[in-house]
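The following note sets out several points on the attached structure for the attention of a colleague at the bench. Each point may be checked against the coordinates.

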Amino acid sequence: MSVFPTVCPFCGAGCRLGLRVEDGRVTGLEYLSDHPVALGALCSKGNAALEVLNHPDRLRQPLVREGNGWKEVGWEQALTMLASRLDDIRQNHGGPALAFLASAKATNEENYLFQKLARLLGSPHVDHCARLCHSPSVVGLSRAFGSGAMTNPIPDLAHSRCILILGSNFAENHPVVSRWVCEAKDRGGVVFVADPRRTPTAALADRYLPIRPGTDVALLNGMMRAILDEGLADWEFIRHRTVGFEEWRASLQGSTVEEHAAIAGVSPADIVAVARAYARAEASAIIYCMGVTQHTVGTDNVEACANLALLCGQIGRPGAGILPLRGQNNVQGACDMGALAEFLPGYAPVADPQARRRIAQAWGREDLPEGPGLSVVEIMHAAHEGRIRGMVVMGENPAVSDPATTETVAALGRLEFLVVQDLFLTETARLAHLVLPAACWAEKSGSYTNTERRVQWSEKVVDPPGEARPDLWIIGEMGRRLGVWGSVPTAGETLAEVARVVPAYGGITAERLRNTPAGLFWPCPNSSHPGTPILYRERFNTADGRGRFCPVTYQMPGEQPGAEFPLWMTTGRVTVHYNSGAMTRRAPSLSRYAPEVWVALHPQDTERLGLADGDEVEVRTPRGQVTARVQISQEVQPGQVFLPFHFPGVNTLTRPDLDRDARIPAYKVAACALEKGG
Ligand code: SF4
């Protein structure tokens, strides 16, 4: 019996877990107590990882659609068909008629090769579901600090004396983070949670602020107004390390804490108390998640967080920083690798001809397709209109995870050719012309970058089932047959190319990662560099080294409750599920705790509507409806409802309206109605 360390295939915390292997089969998990984030602990999802690995429904053979069913074929036939269909579309309609959805669950190397293939085939339209969770973090934090990433490691939270948590329910969604927040509390730190929902994370708070949905900017501007009024700003930091302060201050001129508090729906005294604690603490941190980003004002929300940190100089030190918690195990890495419509590897802007040519030359070309390309939601609109004709989807499930999924499903159904690489016959794969069986995390080697910027290597432990293959091999073969490159690279060779193209990964190699179980933090520019756990100690990653204040004013959510749709609706995650549920809904030890869609309502609303716990209701928005079971809950406020988004149908309800900068849809706020009987 041997034990192999791997990286958990679920959330962005990036816990390592050991796999016990006997006779070529994985027979159990081992807890790795030396991992700096998890310290050997795994949450319910990590503990259920083997149920996904060994699941009987794993795809084992390529499948070609035949009438209403599927025909199993060999790889030769599948790849010949794939190359010929993609090439036909490219020859007849040009590269931009193809779109590529990469995956925040696939390795860095797979994402790098995938976006490279898209761009070398002439399409700028490559994106992935980071668009749907943290694209405002990429855009907003890049604008303010120069890098769209978390500033401090998770265990560093233990050094924080004040932690402000906005729109994050990490107690359920990134459970290992709770350990470090509790550690900070044990050392005398104070914790504030602002969220419309009184989540299990709010139970950790010294003070909970039940803000109205979509009012984060009002809350943060109110705090900053109070900090200015009370003379608590860090003038030295502002003078030496920032630009844009006066223009930003002018944007708050004339407003009062009371006005901001009235919009946010909390008391001015609460705002002042949180502002004082945040500004005065020796080290303060902000943790946020999709409650902040999934709005038409997601970028504004992120920039307001950045303004607060700059105003108080709460960044660039142990315990002081901004920690956006990324959802999937490699969402940070997939962004770093350039699997985004507006960024090439290393966040080189597609719109910048010089940046484009630099990467093109590294790939042996003169130039690459101009961009930015279309984002996830825009790709679906284009498919609906016939401008996108062929699509390659690697490990994503947009038929469940996109907003207003009725339109997404219709758009996918209009494609001339859809190919899906995945572990299971997902809701999206069922719409494909060709389905390719992919290897999962334990069946392939490669690196993952967790939410902290910690790059970790995960070694292949067992063979994939049947004829399933690693995504890297599938992409490599696709490119080889389309004449894009001559041979299929290994993960190590691909990471070596990443190191040449992406300066922040310049010192990160497969060999180094294999010998560094705790991983390396980017930026790690050369082979002797130890990595950078804390960003911006001396300077920001901007041209002049200074952080930028960005004026942000409150905008109302684009949809408000009214006569026909009288309730606020919000969606989110729960402990036992992950993303579209493609993996966790199949894991019996998880799905038995949450087998079907529910809608949480406050007791005042259930009484008013004559509903009892467990009743079946139809939840409707202007875009769609879904049947759900009523769950009476004190977590939601009167007039608000909550649904978990891991189930098919829930996202028929959500809004496809986009943030103007980050192009994230406004998942988090909608108006809905309920009707008994479903
Ligand atoms: Fe896996 Fe995240 Fe749970 Fe850690 S916290 S075990 S990475 S799902």
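1. In this predicted model, Leu601 lies opposite Val641 of strand S27. The two strands concerned, S24 (residues 598–601) and S27 (residues 640–644), are joined in the antiparallel sense by two bridges.

2. Strands S24 and S27 belong to a closed barrel of six strands, which follows the order S23-S27-S24-S26-S25-S28 and has mixed pairing. On average, and with direction ignored, neighbouring strands of this sheet are turned by 45° against each other.

3. A hairpin is formed by S19 and S20, with four residues between the two strands. Within the turn, Arg453 has a positive phi of about 80°. Strand S19 (residues 446–449) runs antiparallel to strand S20 (residues 454–458), and four bridges join them. Thr449 has Val455 in S20 as its bridge partner.

4. The residues of S19 alternate in direction: Gly446 and Tyr448 point one way, while Ser447 and Thr449 point the other way. Are these residues buried or exposed? All of them are buried, that is, each has under 20% relative accessible area.

5. Helix H4 (residues 108–120) has 13 residues, which at 1.5 Å a residue should span 18 Å. The C-alpha atoms at its ends are 18 Å apart, in agreement with that expectation. Because 13 of the 13 residues of H4 are buried, the helix is largely enclosed by the rest of the structure. Just after H4, Gly122 adopts a positive phi of about 95°.

Conventions: Residues are numbered from 1 along each chain as its sequence is written. This is a predicted model: local features need pLDDT of at least 70, side-chain atom pairs count only at pLDDT 80 or more; totals for chains, interfaces and linings use all residues. Side-chain values use heavy atoms; hydrogens and water are left out. Buried means under 20% relative accessible area, exposed over 50%, partly exposed in between (1.4 Å probe, protein chains only). Two strands pair if DSSP finds at least two bridges between them. The expected span of a helix is 1.5 Å times one less than its number of residues. Axes are lines fitted to C-alpha atoms, for helices over the stretch in contact, and angles run from 0 to 180 degrees between N-to-C directions.
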